[in-house]
Amino acid sequence: MADMLLSTGVHDTIPSNYVRPENERPHLDHVIADANIPVVDFGASDKSQIISQIEKACRLYGFFQVVNHGIDAELVKKVLAITLEFFRLPPEEKAKLYSDDPAKKIRLSTSFNVRKETVHNWRDYLRLHCYPLEEFVPDWPSNPSSFNLPWDVVTRDVFGSYCKQVRQLGFRILGIISLSLGLEEEYLVRVLGEQEQHMAMNYYPKCPEPELTYGLPAHTDPNALTILLQDPHVSGLQVHKDGKWIAVDPKPNAFVINIGDQLQALSNGRYKSVWHRAVVNSNKERMSVASFLCPCNSVLISPPEKLIADGSPAVYRSYTYDEYYKKFWSRNLDQEHCLELFKRDRETCPDAPTFPCPDTPT
Ligand SMILES: O=C(O)CCC(=O)C(=O)O
């Protein structure tokens, strides 16, 4: 079904199976444009200030941007350029990589989960597993040839180098998040085990009717931490806060970081894995490259003693990431927050917050 890919055609209208019902549409004129998503300067010398900014951002927004993060700006440019080159390949080349099987570790696909959905999303994406690199790189696309362009002296190719640098940044952020929760710096990296790393290279073609559909509808991320590289020239990411959608416009040389469901669970609900979505526009195609750090499949997700010792009971039951991930992919993206399904008995925890999807009327 590679003919479902959007990036292979030109679109004057949108097919009816991409059109959302009236009450589920993005209502772009209601979006808050001047968003104050916190920006954290990782180059600052005062570590305690970084910790306190991240603590506030994770608690109040679930999102923040980082600058002076240490990832090579030229490498980032190359990643975006190759992503665009990839989506411009001829249809027959892309068809070779197409799959709608969410279990496939390397696949070019479209929308979110076309096997399950009734309404599709205006997005194509290339999904790559990236850790351990040696295991997956041989199966990464070899076309365009720039995909295998050597980058640094250790001859990692562009994407291999990028994945390594992103992983290091992610671990650094997990360290700061641990400290911000009053835990030892290594805590989260240790309990998440040998973390998997996945990448979604998202491509949102120009859409003739952006008010009727989504690039990605409201969703939360099932993993631990997401490191998002936005197209520097085109906006599209929006985050839900206090009942409103706010735009996260691209900031030069910044990465957008968001807390995933597993950090919400491990922080015992203190930090938020918030709803976010990607909208499309009629003037410009847009790209983003999301890197997901995921707990090792077999680790048990359960809050640290320290966060339940102060009389706050565990909000969620313990589970393995394997169980969580399967549940996540068996649903539609914009159903209720997947963590809701892992909440402990409501009688034990009557005040546990609920997280219905903000774009789906109840
Ligand atoms: O394209 C974006 O800005 C958002 C991407 C995203 O949320 C995802 O890949 O899960």
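Trainee: Where does His-27 lie in this predicted model?
Mentor: Good place to start! This is a predicted model, and in it His-27 comes in the segment before strand E1 (39-41).

Trainee: And is His-27 buried, exposed or partly exposed?
Mentor: Let's count its neighbours: His-27 has 13 other C-beta atoms within 10 Å. A residue is buried at 20 or more and exposed at 12 or fewer. The count for His-27 falls in between, so this residue is partly exposed.

Trainee: What about Asn-68, is that one buried or exposed?
Mentor: Asn-68 sits in the loop between strand E2 (63-67) and helix H2 (73-87), and its phi is positive, near 50 degrees, though it is not a glycine. Inside 10 Å there are 12 C-beta neighbours. The limit for this class is 12 or fewer, so Asn-68 counts as exposed.

Trainee: How many residues of helix H5 are buried?
Mentor: Helix H5 covers residues 158-180 and reaches 33 Å from its first C-alpha to its last. This helix is mostly covered, and of its 23 residues the buried ones number 17.

Trainee: Which residue joins Pro-144 through a cis peptide bond?
Mentor: First find Pro-144, in the loop between H4 and H5. The cis bond has an omega of about 0 degrees, and the partner of Pro-144 is Asn-143.

Trainee: How many residues of the shell around the ligand are charged?
Mentor: The residues around the ligand include Leu-216, Asp-221, Gln-230 and His-276. Asp is of the charged type, whereas Leu is nonpolar. The shell divides into six nonpolar residues and five polar ones, and the number charged is one.

Terms used:
Residues are numbered from 1 along each chain as its sequence is written. This is a predicted model: local features need pLDDT of at least 70, side-chain atom pairs count only at pLDDT 80 or more; totals for chains, interfaces and linings use all residues. A residue is near a molecule or strand if its C-beta atom, placed from the backbone, lies within 6 Å of it. Helices (H or I, at least four residues) and strands (E, at least two) are DSSP runs, numbered from the N terminus. The expected span of a helix is 1.5 Å times one less than its number of residues.
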